[in-house]
Amino acid sequence: MPELSDVHNEFIRAEIEEFILDENEQRHIVQMYAKISPQMQDIAATIIDGDNHLSDELTKKALDGGVEAIQIMDNGLIAGMAIVGIKFRENFIFVPEVLACARAMKAGMAHIEPILSAAGIEPIGKVIMGTVKGDLHDIGKNLCIMMLRGAGFEVIDLSVDVSPEMFIEAFEQNSATVIGMSALLTTTMPNMGVTIEAFIDEGLRDDVRFMVGGAPVTPEFAEDMGADAYGANAVECVEVAKRLAGETQTATA
Ligand code: B12
């Protein structure tokens, strides 16, 4: 079982010790970081520290050195955000600090995005993505969008705070077959179900497949609200979108 001393980066070790007080959570984070290379830990540290200049520099350096974009995203940028999330939840940091961390994440992602979104391939399907009404979290949704584009999907990004009417309007204007909804707040999660209801009311439900995700969303919740699929992360989002796009093609054939 990995120990705190197995985490290479000194700053991250100190952060874990000072801010992750729940024993199980600390064990989980230590296990995760013990498997991550020192170079990726340095990138994660820039996110936790909210240092966008260093995140920019180290991400670029890692890519130039041959590390895969997806590795940097998962083991550097997203791993850093895991600690930020816990500090925020426990009130060790507040909105301005989290925004600085989000800015650092964005600086790193700016190098990753063009690689994941390989240009020039024929779209394999069209997906509408949005964060539901009342919710302004978009980091996870944007990662999903990058991965979807990288996998060859054309994606219409409705951004954040998207009402059921806006989803319907976008659906009517574009011949998308899959709609992806993201929610990060327990208070906004029900708006996913409300959106699906609105599609039922308009007689459009059978024409589209819904996938949902976001940290508080579970497969059970997805099923209860009437979604077609749930994805736990950006990689699953792509897998699910491919499956659902295949289903709609079969249904309309
Ligand atoms: C960054 C952040 C913010 C930033 C958002 C910046 C931005 N541009 O997104 C700011 C500071 C603005 C913010 C504000 C608030 N936040 Co906030 N925030 C976070 C934080 C720390 C990280 C979220 C994140 O980006 N995670 C990293 C990404 C990569 O993960 P992800 O979003 O889960 O996405 C992945 C998967 O879920 C999945 N996925 C996501 N979407 C989709 C969609 C589909 C279709 C699929 C298949 C998959 C999928 O794939 C993604 C990639 O792997 C979380 C804590 C946490 N650990 O989640 C709190 C958190 C979500 N926030 C919280 C709160 C309370 C708030 C505020 C209400 C705080 C306040 N008092 O003002 C406001 C609400 C504003 C609003 N109306 O939305 C709470 C929510 C608690 C709850 N149970 O509802 C959390 C959990 C923190 C906590 N207290 O523990 N926040």
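What covers the buried residues of α3? Keep that question in mind while you load the model, which is predicted.

**Stop 1: helix α3**

Select residues 38–48, which form helix α3. This helix is mostly covered, with eight of its 11 residues buried. Colour the buried ones: Met40, Gln41, Ile43, Ala44, Ala45, Thr46, Ile47 and Ile48. Now show what lies over them. The cover includes α1 (10–19), α2 (23–34), α4 (52–64), α5 and α6. That settles the opening question.

Step just past the end of the helix. Glycine 50 comes just after α3 and takes a positive phi of about 65°.

**Stop 2: the two domains**

Zoom out and colour by domain. Domain 1 covers 4–116 and domain 2 covers 125–252. Their centres, taken over C-alpha atoms, are separated by 27 Å. Four residues from domain 1 and four residues from domain 2 make the contact. On the domain 1 side, the touching residues are three nonpolar, no polar and one charged.

**Stop 3: α6 against α7**

Select 95–116 for α6 and 139–150 for α7. The two helices pack at an angle of about 10°, and their axes are 10 Å apart. How do they run relative to each other, roughly parallel or roughly perpendicular? Angles under 35 degrees count as roughly parallel, so α6 is roughly parallel to α7.

Show side chains at the contact. From α6, pick Ala102, Met105, Glu113 and Leu116. From α7, pick Ile139, Met146, Met147 and Gly150. By class, this contact has six nonpolar, one polar and one charged residues.

Stay on alanine 102, in helix α6. Is alanine 102 buried or partly exposed? It has 18 C-beta neighbours inside 10 Å, and the cut-off for buried is 20 or more, so alanine 102 counts as partly exposed. Draw a distance from its C-alpha atom to that of valine 84. The gap is 9.4 Å, for two residues 18 apart along the chain.

**Stop 4: the ligand**

Select the ligand and expand to its shell. How many residues surround the ligand? There are 38, and the closest are Gly85, Arg89, Gly140, Gly213 and Gly231.

Colour the shell by element. Those giving two or more residues are α5 (69–89), α6, α7, β3 (178–182), β4 (209–213) and α11 (234–252). The largest share, six residues, comes from α5.

Recolour by class. The shell divides into 22 nonpolar, 12 polar and four charged residues. Then switch back to domain colours. Why does the ligand lie between the domains? Domain 1 and domain 2 both give residues to the shell, so the ligand lies between them.

**Stop 5: from proline 123 to glycine 125**

Select proline 123, in the loop between α6 and β1. With 11 C-beta neighbours inside 10 Å, proline 123 counts as exposed. Leaving aside residues up to four places away in sequence, proline 123 touches Gly152, Phe153 and Glu154. Check the C-alpha distance from proline 123 to glutamate 154: 5.6 Å, across 31 residues in sequence.

Move on to glycine 125, in strand β1 (residues 125–131). Is glycine 125 buried or exposed? It has 20 C-beta neighbours inside 10 Å, so glycine 125 counts as buried. Setting aside residues up to four places away in sequence, glycine 125 touches Phe153, Thr177, Val178, Ala241 and Ala245. For a long span, draw a line from the C-alpha atom of glycine 125 to that of leucine 58. The separation is 34 Å, with the two positions 67 residues apart along the chain.

**Stop 6: positive phi in loops**

Most residues other than glycine have a negative phi. Two places to check follow.

Select asparagine 91, in the loop between α5 and α6. Its phi is near 60°, a positive value in a residue other than glycine. Asparagine 91 counts as exposed, with 7 C-beta neighbours inside 10 Å.

Finish at serine 159, in the loop between β2 (153–157) and α8 (164–173). Phi of serine 159 is near 70°, again positive in a residue other than glycine. Serine 159 is partly exposed, with 13 other C-beta atoms within 10 Å.

Conventions. Residues numbered from 1 in each chain as written. Predicted model: local features only at pLDDT ≥ 70, side-chain atom pairs only at ≥ 80, totals over all residues. Axes fitted to C-alpha atoms, helices over the stretch in contact; angles between N-to-C directions. Helix = DSSP H or I, 4+ residues; strand = E, 2+ residues; numbered from the N terminus. Parallel < 35°, antiparallel > 145°, perpendicular 65-115°, else oblique. Contact = placed C-beta atoms within 7 Å. Nonpolar A, V, L, I, M, F, W, Y, C, P; charged D, E, K, R; others polar. Domains from an automatic or database assignment. Near = placed C-beta within 6 Å. Buried ≥ 20, exposed ≤ 12 C-beta atoms within 10 Å, placed from the backbone.
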